[in-house]
Amino acid sequence: MARPRPAPPQLRSPDGRLVATIRSTGSGRRAKQTIWITDRRTGSSRPIASETQYYKQIGPGDTPGPIVLLRFSGDDRWVFFTVDPGGSGSIAADGLVLRAVSTAGGAVHNLGVALAYPDYLAWCRGGLVYVAGGDRVAAHAKRLLSAAPPEWRPRPAWNDRARSFGSVACHGGTLAVLSQRSSDNPSFFSTRWQLWEVGPDGSRREVDAPPAGSADESPQWSRDGRSLLFVRERNGYGRLMLWRTGHVSGPIVNLGFSPGFYGHHDWAVRWSAA
């Protein structure tokens with residue numbers, strides 16, 4: 001059975017200037033993990049948030065455990081992370097508390113429970129757009145929310161509780177997001193994600209409706225925002241597709257088989273830097 005990707009040992013900011021790492025210190029009651037930020041230009045480092053590693057109970061709920069780094073904000077000013085209670089993969093699979101902390105340090109902001117998938121987070125319009133909700137079944141009761149500094153108060157980015165949302169990407173204030181009718185079907189290949197676009201004004205339009213039995217997954221904007229790469233998946237087999245100015249072409253290449261995890265796939269598809 002596939003599991004979510006392990007957390008990276010470090011994160012780099014979008015411009016490559018900052019690096020976030022986790023350092024473990026102490027033992028017993030003094031054991032803790034700390035997020036450190038290093039400026040690669042100056043070589044200076046600073047701690048920004050810590051989590052105790054001393055605990056007598058693992059769950060239920062948000063109890064101490066290892067720090068999991070997720071991503072930087074697009075402006076390099078924030079780090080998003082979570083804490084996996086006791087390092088329990090089972091608890092993590094059903095959602096963890098998403099947190100935000102400034103790269104300068106300070107208060108840690110709680111953004112609610114979400115599945116700890118980096119592709120469920122996108123920096124857009126000066127804030128975070130993210131997929132919220134527990135339960136490992138990807139298409140069950142997942143909301144599309146947004147939150148921005150300094151208050152970090154979550155608000156609906158698409159307010160429809162009859163729908164669930166998946167992987168999200170942003171370019172120039174416009175979102176590409178997966179959506180379908182909410183379903184509690186736990187089959188790994190039961191999702192029927194459709195690819196939608198959400199404009200800065202909240203307007204929505206369907207970009208692609210896949211053929212019956214298939215799902216659109218892993219949207220990725222091009223640098224100019226005129227094209228989207230995405231994967232069309234059927235029974236775990238993925239094919240790379242291209243949407244450009246209203247037209248879908250492909251398959252460009254067959255990507256083989258991936259079981260995903262309860263309907264979530266994060267295909268290793270990225271635009272080249274060229």
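The following questions and answers cover the nonpolar cores, the cavities and one hairpin of a predicted model.

Visitor: What conventions apply to this model?
Guide: Residues are numbered from 1 along each chain as its sequence is written, and side-chain values use heavy atoms, without hydrogens and water. The model is predicted, and local features need pLDDT of at least 70, side-chain atom pairs count only at pLDDT 80 or more, and totals for chains, interfaces and linings use all residues.

Visitor: Which element gives the most residues to the largest nonpolar core?
Guide: A nonpolar core is a set of buried Ala, Val, Leu, Ile, Met, Phe, Trp, Tyr and Cys residues joined through side-chain atoms within 4.5 Å, where buried means under 20% relative accessible area with a 1.4 Å probe, protein chains only. In the largest one, of 34 residues, Leu144, Trp158, Leu175, Val177 and Leu195 touch the most other members. Elements giving two or more residues include β13 (163-171), β14 (174-181) and β15 (194-198), strands being DSSP runs of E, at least two residues, numbered from the N terminus. The top contributor, with four residues, is β14.

Visitor: How many residues are in the other core?
Guide: That core lies apart from the largest one and has Trp78, Trp123, Leu145 and Trp152 among its members. Its residue count is 15.

Visitor: Which strand gives the most to the lining of the largest cavity?
Guide: A cavity is a set of points on a 1 Å grid over the protein atoms alone where a 1.4 Å probe fits but cannot get out, and lining residues have an atom within 4 Å of a point. The largest has a volume of about 50 Å³, a volume being the space filled by probe spheres set on the points, which are joined across faces, edges and corners. Its lining, including Leu70, Thr82 and Tyr120, divides into ten nonpolar, one polar and no charged residues. With three residues, the strand is β7 (residues 96-102).

Visitor: How many polar residues line the second largest cavity?
Guide: This cavity has a volume of about 40 Å³, and Gln180, Ser183 and Tyr262 are among its lining residues. Four lining residues are nonpolar and none is charged; the polar ones number seven.

Visitor: Which residue in the turn between β15 and β16 has a positive phi?
Guide: Four bridges join β15 to β16 (residues 204-208), and the two run antiparallel; pairing requires at least two DSSP bridges. Trp196 stands opposite Glu206 in β16. The strands form a hairpin with five residues between them, and the residue with a phi of about 90° is Gly202.

Key. Buried means under 20% relative accessible area, exposed over 50%, partly exposed in between (1.4 Å probe, protein chains only). On a 1 Å grid over the protein atoms alone, a cavity is a set of points where a 1.4 Å probe fits but cannot get out, and a pocket is an open set with protein on both sides within 12 Å along at least five of seven lines; lining residues have an atom within 4 Å of a point. Ala, Val, Leu, Ile, Met, Phe, Trp, Tyr, Cys and Pro count as nonpolar, Asp, Glu, Lys and Arg as charged, and the others, Gly among them, as polar.
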